[in-house]
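Here's a quick briefing to read with the model open beside you. Grab your viewer and follow along by topic.

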Amino acid sequence: MWEYSDKVKEYFFNPKNAGVLAEATAVGEVGAMSCGDALRLQLKIDAATEVITDARFQTFGCGSAIASSSALTELIIGKTLADAMRITNQDIADFLGGLPPEKMHCSVMGYEALRAAVANYRGEAWEDDHEDGALVCKCFGIDEGMIDRAIRMNSLTTVEQVAHYTKVTGSCGTCAERVEEVLTRVNRAMVDEGLLKAAEAFDPAASARIVPRSKPVAAPAKLTTLQRLRQIEQAIEEIRPTLRRDGGDCELIDIEGDTVSVKLTGACMGCQMASLTVEGIQQRLIEKLGRPLRVIPLSAGH
């Protein structure tokens, strides 16, 4: 189980600036729902000063993705485009009190979405168009440019680190060789530029190669119906105190296969953030049971 800071939890369960921004003057989109993470960042920019006067986000992903997206909007509102573009993914992670290494890709997604939005505002072509062989990881839609930037910005020197920051090799693993090539090239350039010591640079000859998966990853140990029920009940009980502090609550209604039905009550019922609350419950259950689950909110009449 990953350890999350209190601020990550706060920005997940009570995200700031979520939703649609009316009259947005710039939109940046990265990721894809089919890949498991997607972010749509909307900005309102004053044309005379290039100050970001407002920002909203819509995120499909885990709790860290929601928290990172919310943190990004907090960091950029009130800043000029020039100042906002100086914000790094590490700044987003630091704002949240840190992220688990395996979740750093969420902060990178925010950084990439900001770059995409600024390019959209300026009428520039967004670099990550997957043309000319730029697409490295087909499973998650990761471009060579994104990998390059993540390596340079965070001084990454291993394939595992690159995976944590971009999600490459996280599915079939067939992109591992390409990732090694990019990592080798960028690290050598960083050494030449005095940004990295030669002894710290990635050495493909001395590194264990990731073997592409020819078979699906083995499923976690099967739980009995009673064990699953108890773990789901426990996970929901752990969430309820946070919801109650905001005047809401959540009740387990039914479990059928991998579908869990819940009822949101109080302030949670009909709240514009209800979908994010459901996503939070779903993510907590997935982490608890170690397998995919779908959480469905039932209406008050059920």
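The largest nonpolar core in this structure takes in 74 residues, and L43, I76, I151 and L285 have the most contacts inside it. Helix 5 (residues 104-121) gives that core its largest share, eight residues. Keep in mind that this is a predicted model.

**The overall picture**

- The protein is built with ten helices and eight strands.
- Of its 302 residues, 44% are buried.
- Take the contacts between residues at least 6 apart in sequence: 59% of them join residues at least 24 apart.
- About 15,300 Å² of the protein is exposed, and 51% of that comes from carbon and sulfur atoms.

**Around L43**

- What does L43 touch, once residues up to four places away in sequence are set aside? The list is L21, A24, T25, A26, I52, D54, A55, I76, L114 and A117.
- One of those partners, I76, is also among the residues with the most contacts inside the largest nonpolar core.

**Rings and charges**

- How many aromatic pairs turn up in a search of the whole structure? There are two.
- Y11 and F95 make an edge-to-face pair, because their ring centres are 5.7 Å apart and their planes sit at 85 degrees.
- Y11 belongs to helix 1 (residues 6-13) and F95 to helix 4 (residues 89-95), so this pair ties together parts that lie 84 residues apart in sequence.
- Y11 counts as buried, at 7% relative accessibility, while F95 counts as partly exposed at 21%.
- The pair formed by F12 and F13 is tilted, with 4.8 Å from centre to centre and 45 degrees between the planes.
- F12 counts as buried at 9% relative accessibility, and F13 also counts as buried, at 18%.
- Both rings of the edge-to-face pair have a lysine over them: the charged end of K7 sits over the ring of F95, 3.9 Å from its centre, and the charged end of K16 sits over the ring of Y11, 4.2 Å from its centre.

**Cysteines**

- If you're wondering about disulfides, a search of the whole structure finds zero.
- C106 counts as buried, with just 1% relative accessibility.
- C175 is in no disulfide either; the nearest cysteine sulfur belongs to C137 and is 4.1 Å away. With a 2.5 Å cut-off for a disulfide, that distance is too long to count.
- C175 is buried too, with a relative accessible area of 5%.

**Helix 7 and its cover**

- Is helix 7 (residues 159-166) mostly covered or mostly exposed? Mostly covered: six of its eight residues are buried.
- The buried ones in helix 7 are V159, V162, A163, H164, Y165 and T166.
- Helix 4, helix 5, strand 5 (142-143), helix 6 (144-154) and helix 8 (176-192) are included in what covers those buried residues.
- Just after helix 7 comes K167, which takes a positive phi of about 80 degrees.

**L183 in helix 8**

- Look for L183 in helix 8. It is buried, with a relative accessible area of 0%.
- Leaving out residues up to four places away in sequence, L183 touches I151, L156, T157, T158, V159, V162 and F202.
- Two of these contacts, V159 and V162, are among the buried residues of helix 7.
- Another contact of L183 is I151, one of the residues with the most contacts inside the largest nonpolar core.
- R152 is 31 residues from L183 in sequence, and the two sit 9.6 Å apart in space, C-alpha to C-alpha.

**S261 in strand 7**

- Where does S261 lie? You'll find S261 in strand 7 (residues 259-266).
- S261 is buried, with a relative accessible area of 12%.
- Not counting residues up to four places away in sequence, S261 touches E251, L252, I253, D254, I296 and L298.

Notes:
Residues numbered from 1 in each chain as written. Predicted model: local features only at pLDDT ≥ 70, side-chain atom pairs only at ≥ 80, totals over all residues. Heavy atoms only, no water. Core = buried A, V, L, I, M, F, W, Y, C linked by side-chain atoms within 4.5 Å. Buried < 20%, exposed > 50% of the residue type's maximum accessible area, 1.4 Å probe, protein only. Helix = DSSP H or I, 4+ residues; strand = E, 2+ residues; numbered from the N terminus. Contact = heavy atoms within 4.5 Å. Phe/Tyr/Trp six-rings, centres within 6.5 Å; stacked < 30°, edge-to-face > 60°. Lys NZ or Arg CZ within 6 Å of the ring centre and 35° of its normal. Areas by Shrake-Rupley, 256 points an atom, 1.4 Å probe, with all protein chains shown as cover.
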